[in-house]
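Reader: Could you take me through one part of this structure up close? I'm new to this, so please go slowly.

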Amino acid sequence: MAVTAQQIAELAGVSRGTVDRALHNRGRVNPEVKEKIQKIAFELGYKPNLIGQALVRSKQDFKLGVILQSTETPTMQVVRAGVQRAAEELAASGVELIMRENRGLDTEMVLEHIEELVSQGVQGLAIAPNNSPEIRQCIDELYEQGIPVITLNSDAPGSRRLAFIGMDNYRA
């Protein structure tokens, strides 16, 4: 997991604001304190979180939705664990990741989850769809609303999804 400015602040015994000023040359910081902060940051491999900085500058919340199907399968358990790790990492940057899960394949439940997540204000969706015309149509409607969709593990060919992340079963 990435090192945060808050963790550096705790180790240095200073405020997060002092860490920010020391690492980005934003205002006065005692030279000894600045050196201590920079040393801790270097030793821990701190790298500024560009997404987090952009969100802070924009002063708006960012929500992503994830809908997984067949969560009882070993493959989807691995995907689920990856989504949970990503949610923890993104939370430090002010991104809220909302996950919904289904056992088996259920087109109606996926469509209900999509409707729910859109009503909660998600700005993007990642879904593990089945190849139903209703889901492809919904993805196209989301595209028209400016909500990008990526498909995970299974694709929705012919839809206006942004990308597919998964294995090429034919080549495998």
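Reader: Let's pick α7. Which exposed residues does the face of α7 turned away from its buried side carry?

Author: Sure! Keep in mind that this is a predicted model. The face you're asking about carries Pro133 and Glu144. Now flip to the other side: the buried residues of α7 are Ile135, Cys138, Ile139 and Leu142. They span an arc of only 100 degrees around the axis, which puts them on the same side of α7. Here's the general idea: an α-helix has 3.6 residues a turn, so residues three or four places apart point the same way.

You can check the helix's length too. With twelve residues at 1.5 Å each, α7 should span 16 Å, and its end C-alpha atoms are 17 Å apart, which agrees.

So what sits over that buried side? The cover includes α6, β3 and β4 (149–152). This ties in with the largest nonpolar core, a set of 15 residues in which Ile114, Leu125, Ile127 and Leu142 touch the most other members. The elements giving two or more residues to this core are α6 (107–119), β3 (124–127) and α7 (133–144), and α7 gives the most, with four.

Have a look at Leu125 as well. Skipping neighbours within four places in sequence, its contacts include Leu142, Ile114, Leu117 and Val149. Another core, of twelve residues, lies apart from this one, with Ile8, Ala12, Val29 and Ile37 among its members.

One last stop: just after α7 comes Gly146, with a positive phi of about 85 degrees.

Definitions and conventions. Residues are numbered from 1 along each chain as its sequence is written. This is a predicted model: local features need pLDDT of at least 70, side-chain atom pairs count only at pLDDT 80 or more; totals for chains, interfaces and linings use all residues. Side-chain values use heavy atoms; hydrogens and water are left out. A nonpolar core is a set of buried Ala, Val, Leu, Ile, Met, Phe, Trp, Tyr and Cys residues joined through side-chain atoms within 4.5 Å. Buried means under 20% relative accessible area, exposed over 50%, partly exposed in between (1.4 Å probe, protein chains only). Contact means heavy atoms within 4.5 Å. The expected span of a helix is 1.5 Å times one less than its number of residues. The arc is that of the directions from the helix axis to the C-beta atoms.
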